[in-house]
Structures are given as C-alpha cells and as structure tokens.
Amino acid sequence: MTTRDTTVAVFRPDDERLRDAVSLVESLGATPVPDPMLEVHETGASPRTDAEYTILTSKTGAELARETGWEPGETTVCAIGSATAEALRDQGYEVDLVPEEYSSTGMVELLAGRVEGARVEVARSDHGSEVLLAGLESAGAYQHETVLYELVRPEGAGESAELAASGDLDAACFTSSLTVQNFLTAAEERGVRTEAVSGLDDAVVGVIGEPTRETAETEGIAVDVVPEQAEFDELACAVVERAGPTYRD
C-alpha cells in the first residue's frame, strides 16, 4: 500500500475550509474523502459592545462579527486558537489574548485570575462547549453568550459512514463533538451505524481536542490521535502519519 491509497475523511464546512482540508490531505500524500458534516446558518446577531472581555472561538465567528459591523471599542479581544486570532486580524481586529491551550479549558485558565466581577461576552455558534460558560461563571465573571451562527448537518452527508461500514476508510478527522454526532446520525439514517463504528475500529480516528474525544468514546468510537494543539492542520498531519503504510503493516 502507498500513502496515496490511504483514505482520510474530513468533516469541514463546505466552504474554503473544506477545500483547504482537501488540499492539505492531498499534499500529505493521502486521498481525502470530503464529507461536510456542518453547514453554517447565520443568525444576524452581533457581539455585545458593553463587555470588558469578548471571546471569539472560530474563524466563522470572526468573519460574521465583521459582517454585522461589530466594533470592539475598549473590550479585550480574546481568541481561542491561532486560526481564530489570524481570522480576527484578517478582519481588521486587534487580538489581545490567546491561550496556550487552544480550547475552552485553556481560555478559562487564561482568564480565571482576570475576570472576577467583569462582563465577558462569548460570541460563537449554537453548539459551543458549556465548559467555557461554566468556567467563566466559576471565575466570578458576568458572562453572556451571543449566538452568531447555527450549525446544522447538510443534506446528503454520510459518504464517509458508508465507506467506514464497508471497511474502505483508513482514517477520519473529527473537528468537534458535533461532527461525531452528525457522522453517527448520517450512518443511522443509512442503516449502517453499527458497521460504521466497527469500521472506525480498524481505522485511525483523530479528534481535535478532549471534548471531542469524550463524545467519540461515549459513542463507542475508539480515538487514536489527539494533537497537542486544537488545530486542523496538526490533526490532519498526525492522522495521516499514523494511518500511513508503516502503521497499517
């Protein structure tokens, strides 16, 4: 088997992120299986402007904040992850804080000693982790969440589930708990959930962080790879390396 024979499912939204993911997997010498499990529906909401700290958690959130005309004013702008920080800067925003660990837990740890009694705005999708809000509350912050966009499963998603069920998928890159749940729902609708989960046992399963790992393992999916940083590029590189011929031999 050559590396090019290694099929890798990627579950990015069907926009430039999916195209970038496909290009990356191809550049690593593997064959991508693009199967968008997320579709973005904008709400039209804008982050509040009266917070002392404003947290954005994704590239999509950064772009939608700009589309709504949000101006940060005196707020301290916080980004979960370098990709979100880069997207914010691309939209003309200054970024003040980025945690070392690109996760909700990392953001809570960064802000824990700073936000007691402060107003903290969290601007993100409708499927954001409760870890962030609960952690901010425990830190004594007055936290508020604004849903900038909703994430839904696109029609027709599930090719990767059928490939996993038939034993033809070598690896999968899950980028959130929702991609895990939507993969399983798609498999269920196609009547192959049990077979798909079994097929993943023989594949390399990568997840982008601990919350996604917990979701996968709760659903009976064994996880092989969790990158040190919750970034798709790191996830894909680690998964392809693990799924290459030396691993499968």
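How many bridges join strand 8 (residues 171-174) to strand 9, and do these strands run parallel or antiparallel? In this predicted model, 4 bridges join strand 8 to strand 9, and the two strands run parallel. The views below begin with the sheet that holds this pair.

**View 1. The open sheet of 4 strands, with the order 2-1-8-9.** The pairing throughout this sheet is parallel. Strand 2 (31-34) and strand 9 (204-207) are its edge strands, each pairing on one side only. On average, and with direction ignored, neighbouring strands of this sheet are turned by 20° against each other.

**View 2. The pairing of strand 8 with strand 9 and the packing of helix 10 on the sheet.** Within the pair, Phe-174 stands opposite Val-207 of strand 9. Helix 10 (residues 232-243) packs on the sheet, where it touches strand 1 (7-10), strand 8 and strand 9. The direction of helix 10 makes about 165° with that of strand 8.

**View 3. The contact of helix 7 (residues 177-189) with helix 8 (residues 193-201).** The axes of the two helices come within 7 Å and cross at roughly 130°. Angles between 115 and 145 degrees count as oblique, and helix 7 and helix 8 are therefore oblique to each other. From helix 7, Phe-183, Leu-184, Ala-187 and Glu-188 meet Arg-193, Ala-196, Val-197 and Leu-200 of helix 8. The residues of this contact comprise 6 nonpolar and 2 charged, with no polar ones.

**View 4. The open sheet of 5 strands, with the order 3-7-6-4-5.** The pairing in this sheet is mixed. Strand 3 (39-42) and strand 5 (76-79) stand at the edges with a single partner strand each, so one side of each has no neighbour in the sheet. Neighbouring strands are turned by 25° against each other on average, direction ignored. Strand 4 (residues 53-56) and strand 6 (residues 119-125) run parallel and are joined by 4 bridges. Leu-56 has Ala-123 in strand 6 as its bridge partner.

**View 5. The interface between domain 1 (7-38 + 158-243) and domain 2 (43-151), as given by the domain assignment of the chain.** The C-alpha centres of domain 1 and domain 2 lie 27 Å apart. Across the interface, 7 residues of domain 1 are in contact with 11 residues of domain 2. The two domains bury about 740 Å² between them, with 52% of this area on carbon and sulfur atoms. On the side of domain 1, Leu-178, Gln-229 and Glu-231 lose the most area to domain 2, together 51% of what that side buries.

Technical notes: Residues numbered from 1 in each chain as written. Predicted model: local features only at pLDDT ≥ 70, side-chain atom pairs only at ≥ 80, totals over all residues. Heavy atoms only, no water. Axes fitted to C-alpha atoms, helices over the stretch in contact; angles between N-to-C directions. Parallel < 35°, antiparallel > 145°, perpendicular 65-115°, else oblique. Contact = heavy atoms within 4.5 Å. Nonpolar A, V, L, I, M, F, W, Y, C, P; charged D, E, K, R; others polar. Pairing = 2+ DSSP bridges. Domains from an automatic or database assignment. Buried area = accessible area lost by both parts, 1.4 Å probe.
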